[in-house]
Amino acid sequence: MARYTNTLPISATTARLRDAIVSSLQAFGLNMVYETSDYLMAKEQPGQVSLAQLTTIEVLISPPTVAADAASVNLVVSNQELPLRHNNHCEQVFSAVNQAIVALV
């Protein structure tokens with residue numbers, strides 16, 4: 001199973017950040033499966049790649065704390081594909097989503 005993770009410090013407000021992330025995920029053609037105020041889950045639509053390559057994107061938004069004055073975004077992109085190549089489908093989706101979230105800053 002391929003799995004790529006990243007934690008990003010974000011200085012934006014949590015509500016605005018959440019809406020911007022949802023818009024970014026939908027711009028990639030991902031279906032929003034589950035949404036709360038601090039957690040998002042999206043999946044790829046079947047048809048472009050094999051079923052094992054369909055990725056699941058999870059985003060956890062942690063609000064600022066006393067120790068850290070910036071919000072934290074935890075990104076997890078995974079699928080059932082074995083990562084036999086460095087540049088596999090899961091890694092490509094992770095890179096694209098990660099860059100989109102970094103661009104929101």
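These legends describe close-up views of one predicted chain.

Two notes apply to every view. Residues are numbered from 1 along each chain as its sequence is written. In this predicted model, local features need pLDDT of at least 70, side-chain atom pairs count only at pLDDT 80 or more, totals for chains, interfaces and linings use all residues, and side-chain values use heavy atoms, with hydrogens and water left out.

**View 1. The whole chain has two helices and five strands.** Along the sequence, the pattern is β-α-β-β-β-β-α. Helices (H or I, at least four residues) and strands (E, at least two) are DSSP runs, numbered from the N terminus. The C-alpha atoms fill a box of roughly 45 × 25 × 20 Å, taken along the principal axes. The radius of gyration is 14 Å, which agrees with the value near 13 Å for a compact globule of 105 residues. That radius is taken over C-alpha atoms, and the globule rule is 2.2 Å times the number of residues to the power 0.38.

**View 2. The surface of the chain comes to about 6,000 Å² of accessible area.** Carbon and sulfur atoms hold 55% of this surface. Accessible areas come from the Shrake-Rupley method with a 1.4 Å probe; for residues, only the protein chains shown count as cover. The chain carries 5 positive and 8 negative charges, and their mean positions are 3 Å apart. Lys and Arg count as positive, Asp and Glu as negative; His and the chain ends are not counted. Each charge is placed at NZ of Lys, CZ of Arg, CG of Asp or CD of Glu.

**View 3. The largest nonpolar core has 23 residues.** Ile21, Leu25, Ile57, Val59 and Leu75 have the most contacts inside this core. At least two core residues come from each of β1 (2-10), α1, β3 (39-43), β4 (56-62), β5 (71-79) and α2 (89-103). Helix α2 gives the largest share, five residues. A nonpolar core is a set of buried Ala, Val, Leu, Ile, Met, Phe, Trp, Tyr and Cys residues joined through side-chain atoms within 4.5 Å. Buried means under 20% relative accessible area, exposed over 50%, partly exposed in between (1.4 Å probe, protein chains only). Buried residues make up 42% of the 105 in the chain. In soluble globular proteins, nonpolar side chains tend to be buried together.

**View 4. Leu25 touches residues from several parts of the chain.** Its partners are Leu30, Met32, Ala42, Ile57 and Val97, with neighbours within four places in sequence left aside. Contact means heavy atoms within 4.5 Å. Across the chain, 51% of the contacts with a separation of 6 or more join residues 24 or more positions apart.

**View 5. Leu17 lies in helix α1.** Leu17 counts as buried because its relative accessibility is 2%. The C-alpha atoms of Leu17 and Glu44 are 21 Å apart, with their positions 27 residues apart along the chain.

**View 6. Ala2 belongs to strand β1.** Its relative accessible area is 1%, so Ala2 is buried. Beyond neighbours within four places in sequence, Ala2 is in contact with Val77, Ser78, Asn79, Glu81, Pro83 and Cys90. Thr56 is 54 residues from Ala2 along the chain, and their C-alpha atoms are separated by 11 Å.

**View 7. Asn74 sits in strand β5.** Asn74 counts as partly exposed because its relative accessibility is 23%. Leaving out residues up to four places away in sequence, Asn74 touches Asn6, Thr7, Glu58, Val59, Leu60 and Ser62. The C-alpha atoms of Asn74 and Gly47 are separated by 28 Å.

**View 8. Gly29 is in the loop between α1 (14-27) and β2 (31-35).** With 33% relative accessibility, Gly29 counts as partly exposed. Lys43 is 14 residues away along the chain, and the C-alpha atoms of the pair are separated by 9.0 Å.
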